[in-house]
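Trainee: Could you take one part of this model and walk me through it closely? I would like to see how a helix pair is put together, and then how the residues around the pair fit in.

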Amino acid sequence: FFFFARMFVQVCLYFYCKCLWRCLKFVVRKLTGRCELQRICYNTKPGAARTMKIEASLKGSKSKRLQTSVSVHPDAIEKTIDDIMELKRINPDINPQLGVSLQACLLQIVGYRNLIAEVEKLRREPYDSENPQHEEMLLKLWKCLKPNSPLKARISKQWCEIGFQGDDPKTDFRGMGLLGLYNLVYFAEWDTEIAQQVLSDSLHPKYSNAWQYLDFLFSLPSQFSKAEWEKKKFDKAIGYSFAIVGINITDLAYNLLVSGALKTHFYNVAPEAPTLTHFQQTFCYLMHEFHKFWIEEDPLDIMEFNRVREKFHKRILKQLQNPEMALCPHFAASESLINM
């Protein structure tokens, strides 16, 4: 009885709040002469805060035309804006900036959905050793990371030197498909110096020159003093499998994307539709930050990887809860994001 009574109260409360909210929006429109979309665009600065409010407003509308506007084809966005203006009885000649603002928001919203589809397609495509393009990308990864060490054979123990588990890397891509390879190649090609340094560190169980390394790599003040770094000297193991960790961080980036957590970042850095390049730059950032975080955590051994990864994941999620947040780049591959 109490269960059904509680459910009845919750349903009544839901409909009451929903009706009350619609009544409140009606009253505010009459008082201000502006609909909710106008108020958001005029009172909220461009970026994640505005786009996420516009997205919530359109999805929560009682009009099916407005609800479906967040999933139209990019080529149909201009017509969709015209439909919204007509439906809301907004004169575009009097409110020219509104159409521009709504278009920018819809490009981001629709672009994010399309990016998920593009990333998902790559994730589902398995690595095929019979595909020359796949093989070419894999060999490119080796050349970027080990330019002075020629690969002696396609099937070789040398692959372990860049963090694969066995003689043939193709078996390690099963979880993330081509997406894992795309991200690793992007990191190695566009952020070569840092990627090579991270790889070098991952191969060594100890790193005695941590202070100078962090100065160079991050150019940021550390939470430890130089004396503490010298004392610490990373006596515990810090090595990990570079390629395997890269595939794992690809999984983390993928989950952040699909869950919607990366909307904050992308809506703040992509003036229009976020692209696969934005996603790959985000991967570079996460690899960079995870390496730094791994060193700071000073794990006992690789068996602590899942604990460190989960803690890192929570830190990134917390950062992305801030609507002003953009995952600030410290690396060459995402210099193009600055001031966008």
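Mentor: Gladly! Keep in mind that this is a predicted model. Let's take the pairing of helix α6 (residues 96-124) with helix α12 (residues 242-259) as our centre, and work outwards from there.

Two packed helices are described by the angle between their axes and the distance between the axes. For α6 and α12, the angle is about 145 degrees and the axes lie 10 Å apart. The crossing of α6 past α12 is left-handed. On the α6 side, the contact is made by Y112, L115, I116, V119, E120 and R123; α12 contributes Y254, L256, L257 and V258. Sorted by character, the contact residues are eight nonpolar and two charged, with no polar ones.

Those charged residues deserve a second look. R123 and E120, both listed in the contact from α6, also meet each other in a salt bridge, with N to O at 2.8 Å. They are three residues apart in α6, so about one helical turn separates them. How exposed is each partner? E120 is buried, because its relative accessible area is 16% and the cut-off for buried is under 20%. R123, at 22%, counts as partly exposed.

Now follow α12 itself. Its 18 residues should span 26 Å at 1.5 Å a residue, and the end C-alpha atoms are indeed 26 Å apart, so the two values agree. Many of its residues are buried, among them F242, A243, V245, G246 and I247 towards the start of the list, and Y254, L256 and L257 at the end of it. Y254, L256 and L257 are also residues that touch α6. Just after α12 comes G260, with a positive phi near 90 degrees.

Another helix leads back to α6. Helix α3 (residues 48-59) has 12 residues and reaches 16 Å between its first and last C-alpha atoms, close to the 16 Å expected. Its buried residues are A48, R50, T51, I54, E55, S57 and L58, and they pack against α6 as well as α2 (36-43), α4 (64-67), α5 (77-87) and α13 (263-269). One of these buried residues, E55, takes part in a salt bridge with K59, where the closest N and O atoms are 3.4 Å apart. Being four residues apart in α3, the two are separated by about one helical turn. Here too the partners differ in exposure: E55 is buried at 6% relative accessibility, while K59 is partly exposed at 45%.

Those two salt bridges sit within single helices, but the whole structure has 16 of them, and here is one that connects two helices. R307 pairs with E297, the closest N and O atoms being 3.2 Å apart. R307 belongs to helix α15 (residues 305-320) and E297 to helix α14 (residues 276-297), with their positions 10 residues apart, so to speak, as the pair links distant parts of the chain. Salt bridges that share partners join E297 and R307 with E304 and K311 in one network. R307 is partly exposed at 38% relative accessible area.

The loop between α14 and α15 holds D298, which has a positive phi of about 50 degrees although it is not a glycine. Most residues other than glycine have a negative phi. D298 counts as buried, at 10% relative accessibility. Compare R89, in the loop between α5 and α6: its phi is also positive, about 55 degrees, and it is not a glycine either, yet R89 is exposed, at 69%.

To finish, look at the loop between α7 (132-145) and α8 (177-190), where P169 lies. P169 is buried, with 0% relative accessibility. Leaving aside residues up to four places away in sequence, P169 touches L138, R154, W159 and F164. Its C-alpha atom is 9.4 Å from that of S156, which is 13 residues away along the chain. K146 lies in that loop too and is buried at 19%. With the same sequence neighbours left out, K146 touches E161, I162 and L199.

Conventions: Residues numbered from 1 in each chain as written. Predicted model: local features only at pLDDT ≥ 70, side-chain atom pairs only at ≥ 80, totals over all residues. Heavy atoms only, no water. Salt bridge = Lys/Arg side-chain N within 4 Å of Asp/Glu carboxyl O. Buried < 20%, exposed > 50% of the residue type's maximum accessible area, 1.4 Å probe, protein only. Axes fitted to C-alpha atoms, helices over the stretch in contact; angles between N-to-C directions. Left-handed = near helix turned anticlockwise from the far one by under 90°. Contact = heavy atoms within 4.5 Å. Nonpolar A, V, L, I, M, F, W, Y, C, P; charged D, E, K, R; others polar. Expected span 1.5 Å × (residues − 1).
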